[in-house]
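Let's take a walk through this structure together, one strand at a time, and then step back to look at how the chains meet.

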Amino acid sequence: MSTEHKDIQSDHQVILDLIKEQSTVLDLGCGPGDLLYLLIKDKKVHGQGIEIDDQAIYKCVAKGLNVFHGDIDSGLSEFGDKSFDYVVLNQSMQQILHVDKVLVDALRVGKKVIVGLPNFAYYKSRIQMFFRGKAPVAGALPYQWYETPNLHFLSITDFRDYCRLKKIHIERKICLGGKRKVPFLANLFAQVGIFLISK
Amino acid sequence: MDKEKKTNQSNSVGIVKTKNFTFDSLKLENGEKFGPVTLAYETYGVLNPEKTNAILIVHALTGDAHAAGVHEGKDNFGWWDNFIGPGKAFDTDKYFIICSNVFGGCKGSTGPSSINPKTGKAYALDFPLISINDIVNAQKHLIDHLGIEKLLSVVGGSMGGHQVLSWLANYSKRLRSAIPIATTIKHSPQQIAFNEVGRQSIMADANWKSGNYYEGSAPSKGLAVARMIGHITYMSDKSMAEKFGRTKKRMSEPFKFTADFEVEGYLRYRGDNFVKRFDANSYLYITKAMDNFDASFGKPLQEILRGIKTKVLIISFKSDWLYPAYQSKEIVKACKLAGVETTYCEIDSTYGHDAFLLEVQEESHLIRHFLKKVFYTYEVTGEYGA
């Protein structure tokens, strides 16, 4: 099933491997559409994106993608139940205002949901906090506090606990440090966590 | 709509001719039969042997069949010339473009100013009340006549968008794609209100004479005021401020209420020019058709759209307050619920409703790539140039 590419972002490769061929995918916060384009090309999925940034929309359209211009918070609620096999929130969940509501909706609209999140508890971030007393700028969180698009800061463990609390089933969890998978102590050594979840 | 725009004459379609197509009878939505009907139309580019590259462009309230190029001996570039031509969004090297004047219009197609063959006089108010669906049905006669089974796309802004939605609701099997721009499923009370003020202005003109003015003076003042109101709604607060500011014209007329401000002069100029090219009764009939239009016949649009294979590109503009983005989003929502393959973009523009004629770069980008994808996916087997 696995299709390996040299120049693909490692998180995109993981998501590519999680998604079944010819399925339907809704990518929330799809950006310029690189992941959707890959999914359509390699997995023949039927893809739809939602994106707030108009310049990113133009790039999506140039790739031939179907995309809605709008914010995730309001864009999702209009879809019917189980409209998609997968709803993807890759590196976008932490930027959504009402995360809880969106996740409930994503699990309603999609049969499965894939969440990719930057790990706030990455060891370099911890070092910056502990020894320097500064808000971390490290790993998948490269922004200064005054310019970050992120509204929520969470760790891989936080999200696992959230899923337990909300009785969301974690089908797969893949943690990445750079290009490599992190099998142990992921909350310390992984920069990115990717979860395949379902209700 | 505002015709002031830069025209890139280097990739124009060149000299074009308006043609006529006449058919005997049109069954109207209200059950009546009306005929004969003539449609004035123009075409640009070449229809391929498989007849799979045809795009129908449908015009807004006061548009006409002359969408691109110039007429022999004139420099009257068509109303969407920036979008139609070799290498442009509607690339005439690849596509065959059709544009017709609407049924009920006054630019060559049968309308209230046409001669009724039974009386030898203009129809005036004997012309039947028409609907957007009637306008589209007349277009369908033309598309049948041209031997085109399936259009690559039907495209239009504003009232053109109404026609696109009517095509989508009634004849989706004849469409590979549809591009409704700056439009709505149905008019809001505010939109109806602006149209009504325009109509009242025409009917309040003493020259209107219940529509029987064709042998005397036309209700030009009333029509000019209707057009002035229209122009205000086509612009935005910001685009007016940028275009006119509070600049005053230097006038030495003795009258107290001259057009002191630039904006006043502009509106008067636009109004006075408009009456030279447009028929007041057509204005009444067509605005009424717009107000009565409901793409989904009172039902939720998604019920009408469910199961259709047509791909849809919906475009709105940020500063458009006549057809605000929320109305386009209602179309988007219906497409979502109906499972229609859809792309939606709200273009960041300050031009107001007129943006659909003026935002050449962004709009062209969206249309060009969308059409390419539709054409590519469905039809083209060989390599297709960028």
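Strand β2 of chain A, residues 46-51, is a good place to begin in this predicted model. Five of the six residues in β2(A) are buried, so the strand is mostly covered. On one side, β2(A) pairs with strand β1 (residues 24-28) of chain A, in the parallel sense and over five bridges. If you want to find this pairing on screen, look for A:Thr24, whose bridge partner in β2(A) is A:His46. Between the two strands, the chain passes through helix α2 (residues 34-43) of chain A, and this β-α-β crossover is right-handed.

Now follow the chain onward. β2(A) also pairs in the parallel sense with strand β3 (residues 67-69) of chain A, here over three bridges. Among the partners, A:Glu51 is matched with A:His69 in β3(A). Helix α3 (residues 54-62) of chain A joins β2(A) and β3(A) in a β-α-β unit that is right-handed.

Next, look at where the chains touch. On chain B, 17 residues are in contact with 13 residues of chain A. Elements of chain B that each supply at least two residues to this side are α9 (325-338), β14 (342-347) and α11 (360-378). The largest share, six residues, comes from α11(B). By character, this side of chain B has six nonpolar, four polar and seven charged residues.

Finally, turn to the interior. The largest nonpolar core holds 165 residues, and A:Val87, B:Ile55, B:Ile57 and B:Ile97 have the most contacts inside it. Helix α7 (residues 280-292) of chain B gives the most to this core, seven residues. Beyond its neighbours within four places in sequence, B:Ile97 is in contact with residues including B:Tyr44, B:Ile55, B:Ile57 and B:Phe90.

Conventions. Residues are numbered from 1 along each chain as its sequence is written. Chains are lettered from A and ligands numbered from 1 in the order in which they are written. This is a predicted model: local features need pLDDT of at least 70, side-chain atom pairs count only at pLDDT 80 or more; totals for chains, interfaces and linings use all residues. A nonpolar core is a set of buried Ala, Val, Leu, Ile, Met, Phe, Trp, Tyr and Cys residues joined through C-beta atoms within 7 Å. A residue is buried if 20 or more other C-beta atoms lie within 10 Å of its own, exposed if 12 or fewer, and partly exposed in between; C-beta atoms are placed from the backbone. Helices (H or I, at least four residues) and strands (E, at least two) are DSSP runs, numbered from the N terminus. Two residues are in contact if their C-beta atoms, placed from the backbone, lie within 7 Å. Ala, Val, Leu, Ile, Met, Phe, Trp, Tyr, Cys and Pro count as nonpolar, Asp, Glu, Lys and Arg as charged, and the others, Gly among them, as polar. Two strands pair if DSSP finds at least two bridges between them. A crossover is right-handed if, with the strands pointing away from the viewer, the path from the first strand over the helix to the second runs clockwise.
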